[in-house]
Amino acid sequence: MADAAASHGIWARAWTYARHHIPTREGIERNRFLRPVAHRILHPVLWRFTRRSVPRGVALGVVSGILFPFVHAPVAALSALPVRANVPVAVATTLLHNPLTSVPLYFSAYHVGCWVLHWDRAVPGQPIASNVAAHAGWFHTLVAQVGPATIVGLMVISAVLAAVGYVGAGLVWRVRIGRKWRRRTLQRQMQEPV
């Protein structure tokens, strides 16, 4: 019982912290640095939850969250402007890449990159490549193999997850709207006299 109360208290405190530190529309309008571009940032299309803007925001958030690990929120917010994606959804989706998911993401990105680049197969001139690899240091291995494989893997994973997120958000949106319409029609039918 005490654990439930403590966890409820933690979530309540986290929600209160987030509400007080997330910038509001009025705060953005008052910011002197953002005032010259406030009319673009505060365009209503970017803040409405529509069937087109939400899937775009999800896809954009996934891509910017994976490819830009430390500046993902500003990149997602700025790149939402030209594609008219939902800014809050894009910024919130970037949080899928966090310290808990970083290690599995980079590990799988390296292996996907090696698979895409076919570095696990024998290629002509293998004795030369193995001789160079035997005499190279850790930095050469990092720059020549781990880096490119990881970058290619991150691009592939971000493209696949963005497509899955886009389609998934669109399907969830359709199911949600369909249920609302069915509920409305049932309510109308119940209210009509027989």
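A residue is called buried when its relative accessible area is under 20% and exposed when that area is over 50%. The exercises below apply these cut-offs to a predicted model.

**Exercise 1. Describe the overall make-up of the protein chain.**

Solution. Begin with the secondary structure: the protein chain holds 9 helices and 0 strands, so that reading along the sequence gives the pattern α-α-α-α-α-α-α-α-α. Turn next to burial, where 22% of the 194 residues are found to be buried. Finally, consider the contacts between residues at least 6 apart in sequence, of which 74% join residues at least 24 apart.

**Exercise 2. Determine the span of helix α7, and work out which residues lie on its buried side and which on the face turned away from that side.**

Solution. Helix α7 comprises residues 99–117, 19 in number, and from first C-alpha to last it reaches 27 Å, close to the 27 Å expected at 1.5 Å a residue. Its buried residues are S102, L105, A109, G113 and C114. Because these residues cover an arc of only 165° around the axis, they are on the same side of α7. The face turned away from this buried side carries the exposed residues L100, V103, F107 and W115. To complete the description, examine both ends: at the start of α7, a side-chain oxygen of N98 comes to within 2.9 Å of the backbone nitrogen of L100, while the helix is followed by H118, which has a positive phi, near 60°.

**Exercise 3. Identify the residues of the largest nonpolar core and the helices that each supply at least two of them.**

Solution. The largest nonpolar core has 7 residues in all, namely L46, L60, A76, A80, A85, V87 and A90. Two helices, α5 (72–83) and α6 (87–93), each supply at least two residues of this core. Taking A80 as an example, and leaving aside its neighbours within four places in sequence, one finds it in contact with L46, L60, A85 and V87. Another core, of 6 residues, lies apart from the one containing A80, and includes I66, L105, A109 and I157.

**Exercise 4. Decide whether T150 is buried or exposed, and list the residues that it touches beyond four places in sequence.**

Solution. First locate the residue, which belongs to helix α9 (residues 138–191). The relative accessibility of T150 is 14%, and therefore T150 counts as buried, since the cut-off for burial is under 20%. When residues up to four places away in sequence are not counted, T150 touches Y106, A109 and Y110. Of these partners, A109 is also one of the buried residues of α7.

Definitions and conventions: Residues are numbered from 1 along each chain as its sequence is written. This is a predicted model: local features need pLDDT of at least 70, side-chain atom pairs count only at pLDDT 80 or more; totals for chains, interfaces and linings use all residues. Side-chain values use heavy atoms; hydrogens and water are left out. Helices (H or I, at least four residues) and strands (E, at least two) are DSSP runs, numbered from the N terminus. The expected span of a helix is 1.5 Å times one less than its number of residues. Buried means under 20% relative accessible area, exposed over 50%, partly exposed in between (1.4 Å probe, protein chains only). The arc is that of the directions from the helix axis to the C-beta atoms. A polar contact is a pair of N or O atoms within 3.5 Å; within protein, one must be able to donate a hydrogen and the other to accept it, and residues adjacent in sequence count only if both atoms are side-chain atoms. A nonpolar core is a set of buried Ala, Val, Leu, Ile, Met, Phe, Trp, Tyr and Cys residues joined through side-chain atoms within 4.5 Å. Contact means heavy atoms within 4.5 Å.
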